[in-house]
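Q: Please examine the structure shown here and consider how its descriptive terms are justified.

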4 protein chains.
Amino acid sequence: MLVVMRAQATEQDIAGVCEKIQSLGFRPHVMPGAERTAIGITGNHGPVPAAEFEDLPGVAEAIPVSKPYKLVSREVKPDNTVVRIAGVAVGGAELALCAGPCSVENREQILASARAVKASGGQLLRGGAYKPRTSPYAFQGLGEEGLKYLAEAREETGLGVVTEAIDVETFDLVEEYADCIQIGARNMQNFSLLRRAGRARKPVLLKRGMSSTLDEFLMAAEYILSEGNYQVILCERGVRTFADHTRNTLDLSVVPAVQSLSHLPIIVDPSHGTGKRDKVHPMALAAVAAGASGLIVEVHPNPDRALSDGFQSLYPEQFQELAEECRAVADLLRKRRVSAEARLAPALS
Amino acid sequence: MLVVMRAQATEQDIAGVCEKIQSLGFRPHVMPGAERTAIGITGNHGPVPAAEFEDLPGVAEAIPVSKPYKLVSREVKPDNTVVRIAGVAVGGAELALCAGPCSVENREQILASARAVKASGGQLLRGGAYKPRTSPYAFQGLGEEGLKYLAEAREETGLGVVTEAIDVETFDLVEEYADCIQIGARNMQNFSLLRRAGRARKPVLLKRGMSSTLDEFLMAAEYILSEGNYQVILCERGVRTFADHTRNTLDLSVVPAVQSLSHLPIIVDPSHGTGKRDKVHPMALAAVAAGASGLIVEVHPNPDRALSDGFQSLYPEQFQELAEECRAVADLLRKRRVSAEARLAPALS
Amino acid sequence: MLVVMRAQATEQDIAGVCEKIQSLGFRPHVMPGAERTAIGITGNHGPVPAAEFEDLPGVAEAIPVSKPYKLVSREVKPDNTVVRIAGVAVGGAELALCAGPCSVENREQILASARAVKASGGQLLRGGAYKPRTSPYAFQGLGEEGLKYLAEAREETGLGVVTEAIDVETFDLVEEYADCIQIGARNMQNFSLLRRAGRARKPVLLKRGMSSTLDEFLMAAEYILSEGNYQVILCERGVRTFADHTRNTLDLSVVPAVQSLSHLPIIVDPSHGTGKRDKVHPMALAAVAAGASGLIVEVHPNPDRALSDGFQSLYPEQFQELAEECRAVADLLRKRRVSAEARLAPALS
Amino acid sequence: MLVVMRAQATEQDIAGVCEKIQSLGFRPHVMPGAERTAIGITGNHGPVPAAEFEDLPGVAEAIPVSKPYKLVSREVKPDNTVVRIAGVAVGGAELALCAGPCSVENREQILASARAVKASGGQLLRGGAYKPRTSPYAFQGLGEEGLKYLAEAREETGLGVVTEAIDVETFDLVEEYADCIQIGARNMQNFSLLRRAGRARKPVLLKRGMSSTLDEFLMAAEYILSEGNYQVILCERGVRTFADHTRNTLDLSVVPAVQSLSHLPIIVDPSHGTGKRDKVHPMALAAVAAGASGLIVEVHPNPDRALSDGFQSLYPEQFQELAEECRAVADLLRKRRVSAEARLAPALS
């Protein structure tokens with residue numbers, strides 16, 4: 001159930017609806033929109049009587065929500081959500097580009113990476129200080145030391161920092177240093193971690209699990225929103241299939257599929273999505289053409305010496321070319337849409 | 001093994017090499033290139049001695065081929081193959097657009113479709129006269145009657161006709177009427193049909209099987225080339241995975257993967273690749289951005305009344321928009337490549 | 001729609017119903033059962049009026065069939081179908097064991113194989129004379145020569161012969177020599193071949209395609225039955241997944257799934273289903289325990305010298321052990337079922 | 001690297017090898033075996049010099065380990081590991097049967113379940129107090145209250161308790177009440193949770209992730225062993241594929257595959273593995289025939305009223321029949337193996 005307030009509804013009207021919801025044993029979620037406020041109801045098993053709300057002051061209508069996910073649903077919030085990370089808008093008119101190494105290896109490496117990303121046109125810096133690794137004997141990341149180097153790189157370059165939190169124990173530290181907290185594919189259904197992310201005061205980048213359906217992906221995001229954090233960016237990074245010419249199969253059709261069901265922005269990771277350096281550029285272009293709001297790309301100043309994922313990391317000059325070309329495609333498509341809307345506008349007015 | 005002739009090699013030199021190959025019990029495949037002729041050797045179990053060929057007149061070098069596929073391999077033919085269908089180049093500088101209904105339903109429907117495709121900027125007309133259907137009780141196509149209507153549509157609009165052959169028995173008929181013969185996904189490993197296609201005098205459009213690996217896809221094409229027909233276009237149309245938000249999972253990474261291993265052109269079918277009308281446009285754009293040489297799209301003058309696949313067929317005006325936007329993206333990327341090459345050229349000369 | 005006749009219905013009654021069906025433009029399929037005859041109706045688009053049949057002489061009832069497949073459905077024929085191949089019942093009380101090499105390589109090899117299969121307790125001999133191979137350059141089978149060797153092996157050992165038909169062109173030859181005609185996984189949706197198999201006078205072994213759903217599998221069998229051949233055995237042989245520890249993923253749950261929806265017998269191929277010699281025995285046992293009516297196993301007198309699939313072929317002594325152990329499990333389960341039914345019988349009478 | 005001690009090696013010899021390992025900066029893992037002790041070395045990047053160990057007192061040999069997993073590998077420990085849960089051996093001669101409801105719903109339900117499991121021949125009780133649920137709005141389990149009811153059920157019936165830990169925060173509580181701690185499929189690569197399980201003093205049941213390869217599955221177990229907990233049971237519960245006739249595709253071939261690579265016991269969950277009540281019995285039998293050391297089955301006193309997974313839960317009388325039949329198959333196969341070994345023994349002596 002979603003209670004939509006009139007444009008003129010007062011703060012008091014909104015509080016009144018929330019009280020009513022609580023009195024029925026449910027939980028209200030106030031979602032201010034550009035023109036009007038909506039209030040989601042969760043915690044109900046079975047339908048909530050619409051009539052109970054439609055007579056309250058300031059209420060325009062009460063809409064039943066048909067999907068298992070509610071707060072992430074476009075039924076509940078028709079306008080696109082734009083998430084801001086250190087001044088960069090993700091989900092708005094411009095393409096957002098995040099780049100950097102798989103993991104923070106040492107101070108020099110991450111500083112060199114950040115400078116390269118900045119120089120090549122990237123806006124956000126990625127790099128893992130805590131790494132989920134298949135082997136317990138593999139490099140597990142530098143931990144807080146890595147977070148500090150990331151902060152230093154931000155200081156020097158101005159790039160916002162996107163870095164992964166792998167457990168609740170170290171979440172506070174990551175939240176302290178990061179501008180955006182990544183939840184990795186292996187943790188997409190680590191529900192305790194999702195709840196913790198829902199209580200964070202920073203945006204969250206949620207990667208799709210390796211065999212996650214679209215519904216499960218949106219439900220994972222719903223966990224975060226249901227705790228009060230509405231700043232969530234979704235990320236497609238490839239799924240597991242029989243195909244063996246790439247490390248994963250990048251499922252770009254999930255981009256328009258998410259966009260029709262949810263107001264949350266979705267970006268694409270063509271590095272993990274292909275696992276091969278020479279496939280990153282064409283698939284990055286494809287992601288942008290499919291409508292992705294941004295890209296997250298592995299770039300390393302010296303890929304051949306990377307401690308992890310070197311084979312799928314771009315050289316800085318490759319990233320620069322990718323960034324230019326992706327922006328050109330995004331601009332072309334945006335201009336076409338704007339002029340199409342302009343053509344249609346007089347007819348509608 | 002591939003025997004590469006010198007640029008000045010004569011017809012007699014080429015014949016000499018072929019004789020030598022046959023005398024060893026193998027089979028020669030003469031492949032004329034823009035600057036020089038190459039001769040592939042198949043039928044050998046184990047290595048062929050290079051020295052036997054390198055001393056023959058006109059021979060530049062004899063190269064062992066490392067892949068299981070030979071004639072489709074870029075090792076054997078570095079230049080892109082451009083396939084011409086009724087005057088339309090597939091694999092060249094321009095994007096090739098093929099569109100039309102799933103099946104030919106009657107004379108009026110296919111003529112209306114052809115006019116709509118022509119008017120919206122399509123160059124080739126698709127439409128099945130023989131339909132492989134999951135159920136024996138479903139509409140199986142009009143057969144030769146359908147082929148005649150397709151020919152009539154070509155006559156009126158000038159569009160080349162792409163239509164499917166489903167068995168050896170009816171192949172002659174299809175070959176007679178079609179400008180390009182499609183082998184469907186379910187028949188990708190119907191080796192008798194592939195061999196027959198290899199003896200056709202028309203270009204062949206080979207669709208990737210639903211769970212085909214890249215190697216199997218290229219080996220299926222190799223069947224066609226090994227019989228002497230080098231006019232083969234590959235087509236990605238989605239693969240089977242756990243994902244349920246689309247009918248199939250469109251694996252666009254196979255586009256650059258094919259292009260690095262093979263000289264054959266590859267196009268994309270976003271209609272079967274998604275199975276949903278509203279996903280066709282974004283995935284068509286993505287395919288073009290990933291580097292596809294063309295698209296094959298289901299368009300129907302009245303999708304809601306289509307006998308098959310109506311839910312994934314575009315309205316003509318949707319196709320027109322798709323065609324314009326895809327061409328704009330293709331143009332943008334082509335111009336960038338051309339100017340990049342121009343920048344690099346002086347340095348290389 | 002299925003018209004069920006009374007136990008006392010005469011031949012004339014049955015003919016009357018068939019005439020009625022034909023007069024409506026549909027097609028009757030007479031299916032004699034142990035106690036009563038049923039007549040399936042196909043060719044209808046939309047529902048057939050039951051009332052038109054229920055008043056005809058000899059008719060017990062007219063039942064609508066809810067599934068897309070009709071003749072293969074248990075709704076239409078509740079009793080298990082038992083298919084007889086050269087005196088061996090498949091789908092009855094006893095486990096049916098078919099074994100032999102991947103392909104017929106020469107006279108000595110297939111005779112030695114047949115003797116070994118016979119000596120180890122096999123009842124049917126497998127071996128391909130026509131081989132669908134991924135590569136056009138791989139050994140494609142001996143053709144008719146291979147069929148003749150198979151016939152000779154049958155002559156000597158008494159084993160019925162199961163061998164594959166790969167196209168309509170060579171089907172007549174295969175039908176002439178074989179006791180049971182195999183349709184391979186790659187041809188499961190080669191509908192022209194299925195129709196030809198439906199007109200054969202020999203039983204057909206239909207293998208599940210590599211990415212076939214259960215519905216598609218049953219619809220492929222429906223193609224064969226719809227042409228009048230009701231002697232069809234289904235075969236699970238593994239499907240394509242991300243898992244890489246076996247060549248295919250053997251999906252044994254399809255055995256009980258088929259059995260609840262269809263009356264056709266289903267057997268399992270643990271050799272292709274695993275692709276590894278040391279996994280064949282445990283998965284054969286698992287297949288029998290899951291309820292499979294039989295097994296088809298690759299056995300070679302000298303696996304290390306096999307021209308194809310040697311790595312997954314058993315040594316004859318391994319097959320003997322497999323056969324004994326599988327029969328022991330099948331016997332145990334059959335006896336438990338028989339005694340459970342005996343316990344229940346008095347209560348029911 | 002694995003250092004194998006002589007049968008007569010003393011405690012002092014073992015301590016000497018451990019010191020040597022530590023002095024090189026690595027980590028020793030002492031694994032006492034039936035006849036001799038082995039010491040695994042982890043923490044090394046690159047090969048460890050064998051010669052450094054082979055001259056130490058009590059050392060028989062130093063063996064390089066070729067797999068990425070070490071402690072779980074059969075190379076390191078050839079004998080099967082037998083894990084004891086509340087007196088029940090898992091991985092020994094007898095089949096281990098664990099059963100119970102998906103989740104603990106209330107005191108009466110879990111007590112009734114435990115009595116039914118006990119009466120039907122189960123040895124261990126399953127039931128979740130903490131439930132990982134796709135939706136944040138679904139029933140999440142009773143938490144500690146549920147654990148207390150499980151303890152009460154154990155008290156009354158004597159059944160050991162297997163229950164899931166979903167995060168590090170609540171792990172202590174679960175460890176306190178459980179006899180065996182389950183790590184669910186969604187957490188198979190929650191490495192922080194695996195490390196915590198590696199420090200537990202209770203056995204761990206590790207379920208395979210939905211798209212986990214065999215290597216990843218064994219590496220997840222390696223995380224637990226690498227922290228010092230060698231009491232790990234693996235569990236196959238179905239993987240994600242395109243197949244839609246079952247909820248998941250039960251990949252039974254992983255049972256013999258695990259057994260050839262690892263000494264750890266593996267059991268099967270046919271309830272999640274099929275997601276359909278009528279498929280549980282045949283797939284349980286198949287799992288036992290494939291060699292599984294046990295089963296974990298959902299049983300509910302009143303499946304139609306279950307708060308979760310009712311559609312795949314067995315009625316108690318169904319479980320009783322399953323237990324009897326599975327034990328009969330397991331006994332049959334064990335006796336055949338024992339008598340086969342007896343036949344071979346004289347020849348070997």
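A: A crossing of two helices is called right-handed if the near helix is turned clockwise from the far one by less than a right angle. The model discussed here is predicted. In it, α3(D) passes α4(D) in a right-handed crossing.

Q: At what angle do helix α3 and helix α4 of chain D pack, and how far apart are their axes?
A: Helix α3 (residues 107–119) and helix α4 (residues 144–157) of chain D pack at an angle of about 35°, and their axes are 9 Å apart.

Q: Which residues of α3(D) and α4(D) meet?
A: On the side of α3(D) they are D:Arg107, D:Ile110, D:Leu111, D:Ala114, D:Arg115 and D:Lys118. Their partners in α4(D) are D:Tyr149, D:Leu150, D:Glu152, D:Ala153, D:Glu156 and D:Thr157. By class, this contact has six nonpolar, one polar and five charged residues.

Q: Why is α6(B) called oblique to α7(B)?
A: The axes of helix α6 (residues 191–198) and helix α7 (residues 214–226) of chain B come within 6 Å and cross at roughly 45°. Angles under 35 degrees count as roughly parallel, and 65 to 115 as roughly perpendicular. The angle of roughly 45° falls in neither range, and α6(B) is therefore oblique to α7(B). The crossing of α6(B) past α7(B) is right-handed.

Q: What makes the contact between α6(B) and α7(B)?
A: From α6(B) come B:Phe191, B:Leu194, B:Arg195, B:Ala197 and B:Gly198, while α7(B) supplies B:Ala220, B:Tyr223, B:Ile224, B:Leu225 and B:Ser226. Sorted by class, the contact has seven nonpolar, two polar and one charged residues.

Q: Why are α6(D) and α7(D) called oblique to each other?
A: These helices pack at an angle of about 45°, with axes 6 Å apart. Oblique is the term for angles outside the parallel, antiparallel and perpendicular ranges, and α6(D) and α7(D) are therefore oblique to each other. In addition, α6(D) passes α7(D) in a right-handed crossing.

Q: How do you know that chain D touches chain A?
A: Two residues are in contact if their C-beta atoms lie within 7 Å. By this criterion, 26 residues of chain D are in contact with 26 residues of chain A. On the side of chain D that touches chain A, the elements giving two or more residues are α6 (191–198) and α7 (214–226) of chain D. The most comes from α7(D), with five residues. By class, this side of chain D has 10 nonpolar, 10 polar and six charged residues.

Q: What makes up the side of chain B that touches chain A?
A: Here 36 residues of chain B are in contact with 36 residues of chain A. The elements of chain B that give two or more residues to this side are α8 (254–261), α10 (277–289) and α11 (316–348). Of these, α10(B) gives the most, with eight residues. The residues of this side of chain B divide into 20 nonpolar, 10 polar and six charged.

Q: How do you know that the radius of gyration of chain A agrees with that of a compact globule?
A: For 349 residues, a compact globule would have a radius of gyration near 20 Å; the value for chain A is 21 Å, which agrees. Along its principal axes, the C-alpha trace of chain A spans about 65 × 50 × 45 Å. Chain A has 11 helices and 14 strands.

Notes. Residues are numbered from 1 along each chain as its sequence is written. Chains are lettered from A and ligands numbered from 1 in the order in which they are written. This is a predicted model: local features need pLDDT of at least 70, side-chain atom pairs count only at pLDDT 80 or more; totals for chains, interfaces and linings use all residues. Helices (H or I, at least four residues) and strands (E, at least two) are DSSP runs, numbered from the N terminus. Ala, Val, Leu, Ile, Met, Phe, Trp, Tyr, Cys and Pro count as nonpolar, Asp, Glu, Lys and Arg as charged, and the others, Gly among them, as polar. Axes are lines fitted to C-alpha atoms, for helices over the stretch in contact, and angles run from 0 to 180 degrees between N-to-C directions. Angles under 35 degrees count as roughly parallel, over 145 as roughly antiparallel, 65 to 115 as roughly perpendicular and the rest as oblique. The radius of gyration is taken over C-alpha atoms; the globule rule is 2.2 Å times the number of residues to the power 0.38.
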